[in-house]
Amino acid sequence: MRDKSLELLLIKATIERYKKATAETSSAYTTQELNAQFYQQESKKLSQQIQLMQNTNRHLVGEGLSSLNVRELKQLENRLERGITRIRSKKHEAILAETENLQKMEIQLEQENAFLRSKIAENERLQELNMMPAGEQGGQEYNAFQQYLARNMLQLNMMEVAAVPSNYDNPLSADKKSDLHLH
């Protein structure tokens, strides 16, 4: 009898395991079906959204307007006008920024031009002094005066370089040199 009751318990345990396994497979299959249905619905929604966006884009470029009623055409017109206003505003901001940058560049170039003019004038003065013959009257005095001027010009040059804005510390690049206009 013990063997029969043990057998009966083993059979009941097997049946319970079978029911659980069947239920788990059934619920897993149901979950898979639910997931598939969800993704099909999402796919359908996304397809509709894509179609709506494509139609809207066609309308924005003036295509497919015959299907729109007067109210929809007015809404489209208002939307386009708001877009144009935003575009013009952005364009205006860009033009103002560009103008400001060009004005700053103009001031910088004028400063560079003035600096270069002073250098040219200084070089011309030195060349004029060097052209005077040393053998004339007061040649020794002239040579002493020329040495004095050379020392002072060197000091003056050093002071000018220190007074020039920082962008003059470095030699001008080739593209900046071509933009300078000397009068």
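# Two helices, their salt bridges and a pocket

Lys 45 and Glu 42 lie 3 residues apart in helix α1 (residues 2-60), so about one helical turn separates them. Helices here are DSSP runs of H or I with at least four residues, numbered from the N terminus. The model is predicted: local features need pLDDT of at least 70 and side-chain atom pairs count only at pLDDT 80 or more, while totals for chains, interfaces and linings use all residues. Residues are numbered from 1 along each chain as its sequence is written, and side-chain values use heavy atoms, with hydrogens and water left out.

**Salt bridges**

The count comes to 3 salt bridges, each being a side-chain nitrogen of Lys or Arg within 4 Å of a carboxyl oxygen of Asp or Glu.

| Pair | N to O distance |
|---|---|
| Lys 45 and Glu 42 | 3.8 Å |
| Lys 74 and Glu 77 | 3.5 Å |
| Glu 100 and Lys 104 | 3.5 Å |

Lys 74 and Glu 77 belong to helix α2 and, being 3 residues apart, are separated by about one helical turn. Glu 100 and Lys 104 are also both in α2, 4 residues apart, again about one turn. An α-helix has 3.6 residues a turn, so residues three or four places apart point the same way.

Lys 45 is partly exposed, with a relative accessible area of 47%, a class between buried (under 20%) and exposed (over 50%), using a 1.4 Å probe and protein chains only. Its partner Glu 42 is partly exposed at 28%. In α2, Lys 74 is partly exposed at 45%, Glu 77 at 38% and Glu 100 at 43%.

**Helix α2**

Helix α2 covers residues 70-131, and its 62 residues should span 92 Å at 1.5 Å a residue; the end C-alpha atoms are 89 Å apart, which agrees. The expected span is 1.5 Å times one less than the number of residues. The buried residues of α2 are Leu 76, Gly 83, Glu 112, Asn 113, Phe 115 and Glu 122.

**The largest pocket**

The lining of the largest pocket consists of Leu 52, Asn 55, Thr 56, His 59, Leu 68, Glu 72, Gln 75, Leu 76 and Arg 79. Both α1 and α2 give two or more residues to this lining. A pocket is an open set of points on a 1 Å grid over the protein atoms alone where a 1.4 Å probe fits, with protein on both sides within 12 Å along at least five of seven lines; lining residues have an atom within 4 Å of a point. The space in the largest pocket is about 190 Å³, the volume filled by probe spheres set on the points, which are joined across faces, edges and corners. Leu 76 thus appears both among the buried residues of α2 and in the lining of the largest pocket.
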